[in-house]
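User: I'm new to reading protein structures. Could you take one part of this one and walk me through it slowly, ring by ring and charge by charge?

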Amino acid sequence: QVQLVESGGGLVQAGGSLRLSCAAPGRTVSGRMMGWLRQAPGKEREFVAANRWSWNMSYYADCAKGRFTISRDNAKNTVYLQMNSLKPEDTAVYYCAADRGRPDSGTYYYSSELYDYWGQGTQVTVSS
């Protein structure tokens with residue numbers, strides 16, 4: 001089991017920034033695909049960004065490109081999502097997720113089905 005603990009959500013005005021954190025206490029995540037996905041009220045969960053450190057690869061949804069940055073601190077077993085230029089449509093519960101280190105995760109990084117472990121979610125609300 002991999003426990004994921006998110007933090008950093010909150011209320012911010014449009015154009016503002018937030019940094020989300022996802023910690024995996026006591027577990028190494030460098031060989032796993034670590035993703036951020038979000039779910040807005042009444043909508044399906046959608047992919048935002050993912051990173052597999054061991055491949056030096058990061059992936060972004062179109063809605064995140066140019067505004068969000070995923071990064072890691074492997075020494076702390078923590079993944080971050082820096083979100084800039086936030087828009088009201090970014091309002092959602094943001095979830096951190098990890099896979100088991102599947103070799104095909106580079107193909108399915110955008111799919112919720114890839115991820116085996118999930119955090120509890122953190123609310124991000126962007127006011128207009």
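Analyst: Sure! One thing before we start: this is a predicted model. Let's begin with Tyr95, which is buried because its relative accessible area is 15%, and the cut-off for buried is under 20%.

Tyr95 has company on its ring. Arg45 lies over the face of Tyr95, 4.1 Å from the ring centre. Tyr95 also forms an aromatic pair with Trp118, and that pair is edge-to-face, with 6.3 Å from centre to centre and 80 degrees between the planes. Tyr95 belongs to strand S9 and Trp118 to strand S10, so this pair ties together parts that are 23 residues apart in sequence. Trp118 isn't tucked away like its partner: its relative accessibility is 27%, so Trp118 counts as partly exposed.

Now move one residue along, to Cys96. Cys96 also sits in strand S9, which covers residues 92–98. How accessible is Cys96? Its relative accessibility is 0%, so Cys96 counts as buried. If you leave out residues up to four places away in sequence, Cys96 touches Leu4, Glu6, Cys22, Met34, Gly35, Trp36, Tyr117, Trp118 and Gly119. Notice Trp118 in that list; you just met it as the ring partner of Tyr95. Cys96 and Thr122 make a nice example of sequence versus space: they are 26 residues apart in sequence, while their C-alpha atoms are 8.9 Å apart.

Next, follow the rings elsewhere. There are 5 aromatic pairs in the count. One of them joins Phe47 and Tyr109: the ring centres are 5.2 Å apart and the planes meet at 65 degrees, so the pair is edge-to-face. Phe47 lies in strand S5 (residues 46–52), whereas Tyr109 is in the loop between helix H1 (105–108) and strand S10 (117–118), so this pair ties together parts that are 62 residues apart in sequence. Phe47 is buried, since its relative accessible area is 10%. Phe47 and Tyr109 are also part of a cluster linked by ring pairs, together with Tyr59 and Tyr110.

You asked about charges, too. You've seen Arg45 over the ring of Tyr95; in another spot, the charged end of Arg19 sits over the ring of Tyr80, 4.1 Å from its centre.

Charges also pair with each other. Side chains of opposite charge can pair when their charged atoms come close. The structure holds 6 salt bridges. Let's look at Arg100 and Asp116, whose closest N and O atoms are 3.5 Å apart. This pair links distant parts of the chain, 16 residues apart: Arg100 is in the loop between S9 and H1, and Asp116 is in the loop between H1 and S10. Arg100 counts as exposed because its relative accessibility is 58%, while Asp116 is partly exposed, with a relative accessible area of 32%.

Arg102 forms a salt bridge with Asp104, and there the closest N and O atoms are 2.9 Å apart. Both partners are in the in-between class: Arg102 is partly exposed at 31% relative accessible area, and Asp104 is partly exposed at 28%. Some salt bridges share partners, joining Arg38, Glu46, Arg67 and Asp90 into one network.

Finally, Lys65 forms a salt bridge with Asp62, with 3.3 Å between the closest N and O atoms. Asp62 is exposed, because its relative accessible area is 67% and the cut-off for exposed is over 50%.

Note on methods:
Residues numbered from 1 in each chain as written. Predicted model: local features only at pLDDT ≥ 70, side-chain atom pairs only at ≥ 80, totals over all residues. Heavy atoms only, no water. Helix = DSSP H or I, 4+ residues; strand = E, 2+ residues; numbered from the N terminus. Buried < 20%, exposed > 50% of the residue type's maximum accessible area, 1.4 Å probe, protein only. Contact = heavy atoms within 4.5 Å. Phe/Tyr/Trp six-rings, centres within 6.5 Å; stacked < 30°, edge-to-face > 60°. Lys NZ or Arg CZ within 6 Å of the ring centre and 35° of its normal. Salt bridge = Lys/Arg side-chain N within 4 Å of Asp/Glu carboxyl O.
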